[in-house]
Amino acid sequence: MTHHNGQKRYNGNEGLAMLDKMPLGELMAMAHEVRSAKIPGNQVSFVYDTNPNYTNICVSSCAFCAFYRKPGDPKGYTLSPEALADKVKKAADQGATTVLLQGGHNPEIKLKNWIAYIKAIQGKCPGVHIHPFSPAEYFFMAQNEKIPLKRLLKEIFDLGIDTIPGGGAEILTENVRRQIANKKATAHQWLKVCEIAHETGFRTTATMMFGHVETNADIIEHLLCLRDLQDRTRGFYSFIPWSFKPGNSRLAKKISQSAHPARYVRIIALARLLLDNFDHIQSSWFSESVPAGQLGLLAGADDFGGVLVEENVLQEAGHDRATTFENVLTIIRRAGFQPVLRDSHYKPIQTFPGPEPLGIGMI
Ligand code: SF4
């Protein structure tokens, strides 16, 4: 048995046994214990953010994606920098502090357009933290512009950007990616972008989309790849899983239902136990459901994701869950935790009152 920062380090076989057969209650309790030792107090953080998409035009045609439109599709769009900055301004006026910016792999969008987007937001909303472009988009842009990844990332970093959202990871095994995302960055390439980003000075998150063609062994491999890279760079802030939403994606013909919420909770607990070198694990009210998000908080997660003023990707898959800031506070409290508004560096901005002690009427 080895220990990492005081936390036990499990190997892949142990992880697989937990995922395959450990009773869920036991797994949740183990993960909660690890989380309690790692995160002070009874706090759950969340961010007030908005996720506008600058374009839905994409040449990668991932089988699981209901969001993209092919070039030439009348429903395709690309925002101007001004239109994007206006959207961000509107969200900031409502209280958003961060903009998570992603879009399709659109060959018409060049590095100069990315820079124009960032500058337009910086000009119109100087206080808003810009959290732009997934590793898969950086990989596509580097190829499209024929420039080394290192130079591309440095150009963005030099604009004052220092965090990147870890989207487009799906499942980080080549076998799964060949089946559901065969035109975009491979697992190796996705990890390489993160590695170079971390070396450049960025901190990133890491995501995982499960509940499609992957096996349990693929999930373990995904987590262990992230843990290995984290050992080397320490650049990941958090791990964010969500389940595949079939919507009207091509993959829906094969897989018509999302994973069961219990599967989501199991994966959160497993991630907390295997990712011993990650500080934060996210459970989201948004990507699954309010009760699944709350159960995730009792299974080792310490972050509740974003309030999300605007979101289009899951909405296109028929998954629309608008909420308000006040609602998020209530949901966190009702799970028994104290809400803390954070920034994109996971630093607290404001701490809110914790949950009321349970009265007889609430039992
Ligand atoms: S997931 Fe991203 S890369 Fe894949 S088709 Fe959708 S927009 Fe394009």
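1. A crossing is left-handed if the near helix is turned anticlockwise from the far one by less than a right angle, and right-handed if clockwise. By that rule, α6 passes α8 in a right-handed crossing. Please keep in mind throughout that this is a predicted model.

2. The geometry of this helix pair is as follows. Helix α6 spans residues 149-157 and helix α8 spans residues 187-200. Their axes come within 10 Å and cross at roughly 45°. Angles under 35 degrees count as roughly parallel, and 65 to 115 as roughly perpendicular. The two helices are therefore oblique to each other.

3. Which residues of α6 and α8 make the contact? From α6 come Leu-149, Lys-150, Leu-153, Lys-154 and Phe-157. From α8 come Val-193, Ile-196, Ala-197 and Thr-200. By class, the contact holds 6 nonpolar residues, 1 polar and 2 charged.

4. Next, the ligand. The residues around the ligand include three cysteines by name: Cys-58, Cys-62 and Cys-65. Ser-60 and Ser-61 also belong to this shell. So do Phe-67, Tyr-68, Gly-104 and His-105. Ala-136, Ala-181 and Lys-184 complete the list. The shell divides into 7 nonpolar, 4 polar and 1 charged.

5. Now the strands. Strands of a sheet pair through backbone hydrogen bonds, either parallel or antiparallel. One open sheet has 3 strands in the order β4-β5-β6, with parallel pairing. β4 (49-50) and β6 (129-132) each have a single partner strand, so one side of each is left without a neighbour in the sheet. Both therefore stand at the edges.

6. Within that sheet, look at β5 and β6. Strand β5 covers residues 98-101. β5 and β6 pair in the parallel sense over 4 bridges. For the register, Thr-98 stands opposite His-129 in β6.

7. Strand β12 pairs with β3 and with β13. β3 (residues 43-47) and β12 (residues 338-342) run parallel and are joined by 5 bridges. Gln-43 stands opposite Gln-338 in β12. β12 and β13 (residues 348-351) run antiparallel, with 3 bridges between them. Here Leu-341 stands opposite Gln-350 in β13.

8. One backbone detail deserves a look. How many residues lie between the strands in the hairpin of β12 and β13? There are 5. In this hairpin, Tyr-346 takes a positive phi near 60°.

Technical notes:
Residues are numbered from 1 along each chain as its sequence is written. This is a predicted model: local features need pLDDT of at least 70, side-chain atom pairs count only at pLDDT 80 or more; totals for chains, interfaces and linings use all residues. Axes are lines fitted to C-alpha atoms, for helices over the stretch in contact, and angles run from 0 to 180 degrees between N-to-C directions. Angles under 35 degrees count as roughly parallel, over 145 as roughly antiparallel, 65 to 115 as roughly perpendicular and the rest as oblique. Two residues are in contact if their C-beta atoms, placed from the backbone, lie within 7 Å. Ala, Val, Leu, Ile, Met, Phe, Trp, Tyr, Cys and Pro count as nonpolar, Asp, Glu, Lys and Arg as charged, and the others, Gly among them, as polar. A residue is near a molecule or strand if its C-beta atom, placed from the backbone, lies within 6 Å of it. Two strands pair if DSSP finds at least two bridges between them.
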